[in-house]
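Work through the exercises below with the sequence and model open. Try each task before reading its solution.

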Amino acid sequence: MSSNKTWTDVVMPQLAESLVSATIGKWLKKPGDPVEQYEPICEVITDKVNAELPSTLDGVMGEILAQEGETIDVGAVICRIETQGAEQAHAEPAPQPETSISAAASPADTSQRSRYSPAVQTLAAEHGLNLSTIQGTGMGGRITRKDVLAYIESGGAGSQSAPAIQAAPIPKQPVLTQPQAQVLPGHVTTAPVIPQPQANEPVRHSGIHLSDTPKLPTIEVEGGQAEHYIDITPIRNTIATKMRQSVSEIPHGWMMIEVDVTNLVQLRNKLKNEFKAKEGVNLTYLAFMIKAVVNAIKDYPIMNSVWAVDKIIVKRDINISLAVGTDDSVMTPVIKKADQKNIAGLAREVEELARKTREGKLKLDDMQGGTFTVNNTGSFGSILSQPIINYPQAAILTFESIVKRPVVINDMIGVRSMANFCLSLDHRILDGVICGRFMQRVKDNIEAYSLDTQVY
């Protein structure tokens, strides 16, 4: 019997075109655990995100060669999976008894109950299933592909009374999850429960940040000492590395301009209720500001560039990265080809990317290709900031709080809604003259909004 068993090496895939390595964040399977095709076996960290790495075959988890927190080159072996031979490796897996999988976790353990693999989501979408009604037999109560197939065979697909969960097809890129706590050797820990937004939970509409009161990190006090120790998670270490690279390699310049947004405030107040009723998303100031920035980049395309040592590469597409704050990190999902979208389209994109970030459903493709970054620091009440450039881009722009101030207009004092716009720039590529003109164009575009401006 054992002669039919073979060992298959699992290597670190190239998750993105420019990726040369990735860090093992957390193993979801341990040696001896059953593994199904498409079922995630570990989380890998790259470019500020966690990506679940799915298995390509059915079998049993064997030796783990890469430890949590270890950075592995693309193509290097990270683990081995035991299969039943080449003739069965690609065959349709037969249903297994429930007890063969549930041994990996206690029946009362439901910590993984709400995490679905791409294969499970696809089957649910194809058969219109409500995944909350299916019993999970995987580790931590997780629903496996075989659980869904068994449910369909038992006739459950046609008897759904609850609304079906809408699931997307299998993504080409691994599905991202919220950052998980790193498990250190010799410490018994449990994965943190990521709170899901409730229907009556207040939502911040002034920006794209996800909570009014960010969760504070857990602090462990070493006996009697005055110091506090906080473990550095892999995702925090990645952010630190990127920020250090940006500051050490890019000579940062900085400038600020103040903008009269009175007309914009009046325009948004006029349209926001009707837009919400029609589109189902909020019409935020950010959509108008992104449109003004994109139009300014069209006039000054050098802002949409990167430094390449012996040349400057000006990007053709204008892909706007949004700095979205989560409870314990910052992610930068991208609005692709923002120059081809109107204000309504940008508002929908902002809402969708913020929702996917909040629910941990970002894909690697959502994080790739940004050419210019914007951040709505005004949602925190900030009136002045000095952002760090999102490497390797040439600039980052922040929108500060809208504040009513007395302003002199034609030798008369009037009360106007004012906001500061702050720009950090790569001084290898950009100089004060071009950036000053760019900022002035952004100012002109925003102050040109009127009650007649169309969002479609």
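The expected span of a helix is 1.5 Å times one less than its number of residues. Helices (H or I, at least four residues) and strands (E, at least two) are DSSP runs, numbered from the N terminus. This is a predicted model: local features need pLDDT of at least 70, side-chain atom pairs count only at pLDDT 80 or more, and totals for chains, interfaces and linings use all residues. Residues are numbered from 1 along each chain as its sequence is written, and side-chain values use heavy atoms, with hydrogens and water left out.

**Exercise 1. Check the length of helix α6, then look for a kink.**

Step 1. Helix α6 covers residues 262-279, which is 18 residues. At 1.5 Å a residue, 26 Å is expected. From first C-alpha to last, α6 reaches 25 Å, close to that value.

Step 2. Look along the axis. α6 has a kink of about 40°, centred on Lys272. (The bend at a residue is the angle between axes fitted to the seven residues ending there and the seven starting there.)

Step 3. Look past the end. Gly280 follows α6, with a positive phi near 80°.

**Exercise 2. List the buried residues of α6 and find what they pack against.**

Step 1. Apply the cut-offs: buried means under 20% relative accessible area, exposed over 50%, partly exposed in between (1.4 Å probe, protein chains only). In α6, Thr262, Leu264, Val265, Leu267, Arg268, Leu271 and Phe275 are buried.

Step 2. Recall the helix geometry. An α-helix has 3.6 residues a turn, so residues three or four places apart point the same way.

Step 3. Find the neighbours, with contact meaning heavy atoms within 4.5 Å. The buried residues of α6 pack against β12 (252-260), α7, α8 (343-359), β22 and α10.

Step 4. Follow one buried side chain. The charged end of Arg268 sits over the ring of Tyr285, 4.5 Å from its centre. (This needs NZ of Lys or CZ of Arg within 6 Å of the ring centre and within 35 degrees of the ring normal.) Likewise, the charged end of Lys278 sits over the ring of Tyr456, at 4.3 Å from the centre.

**Exercise 3. Is α7 mostly covered or open?**

Step 1. Count. In α7, 12 of the 15 residues are buried, so the helix is mostly covered. Among them are Tyr285, Phe288 and Ile297.

Step 2. Test the length. The 15 residues should span 21 Å, and the end C-alpha atoms lie 22 Å apart, which agrees.

**Exercise 4. Classify two of the aromatic pairs.**

Step 1. Set the rule. Rings of Phe, Tyr and Trp (its six-membered ring) pair if their centres lie within 6.5 Å; planes under 30 degrees apart are stacked, over 60 edge-to-face, the rest tilted. The structure holds 4 aromatic pairs.

Step 2. Phe288 and Tyr449 lie 5.5 Å centre to centre with 80° between the planes: edge-to-face. Phe288 is in α7 (residues 285-299) and Tyr449 in the segment after α10 (432-447), 161 residues apart. Both residues are buried.

Step 3. Phe399 and Phe421 lie 4.9 Å centre to centre with 45° between the planes: tilted. This pair links strand β20 (residues 395-399) to strand β22 (residues 412-426), 22 residues apart. Phe399 and Phe421 are both buried.

**Exercise 5. Order the strands of the open sheet.**

Step 1. Two strands pair if DSSP finds at least two bridges between them. The order of the 4 strands is β1-β8-β6-β3, with antiparallel pairing. The edge strands, β1 (6-11) and β3 (34-35), each pair on one side only.

Step 2. Place β8. β1 and β8 pair over 6 bridges, with Val10 opposite Cys79. β6 (residues 59-64) joins β8 (residues 77-83) by 3 bridges; Met61 has Ile81 as its bridge partner.

Step 3. Since 5 of its 7 residues are buried, β8 is largely enclosed by the rest of the structure.
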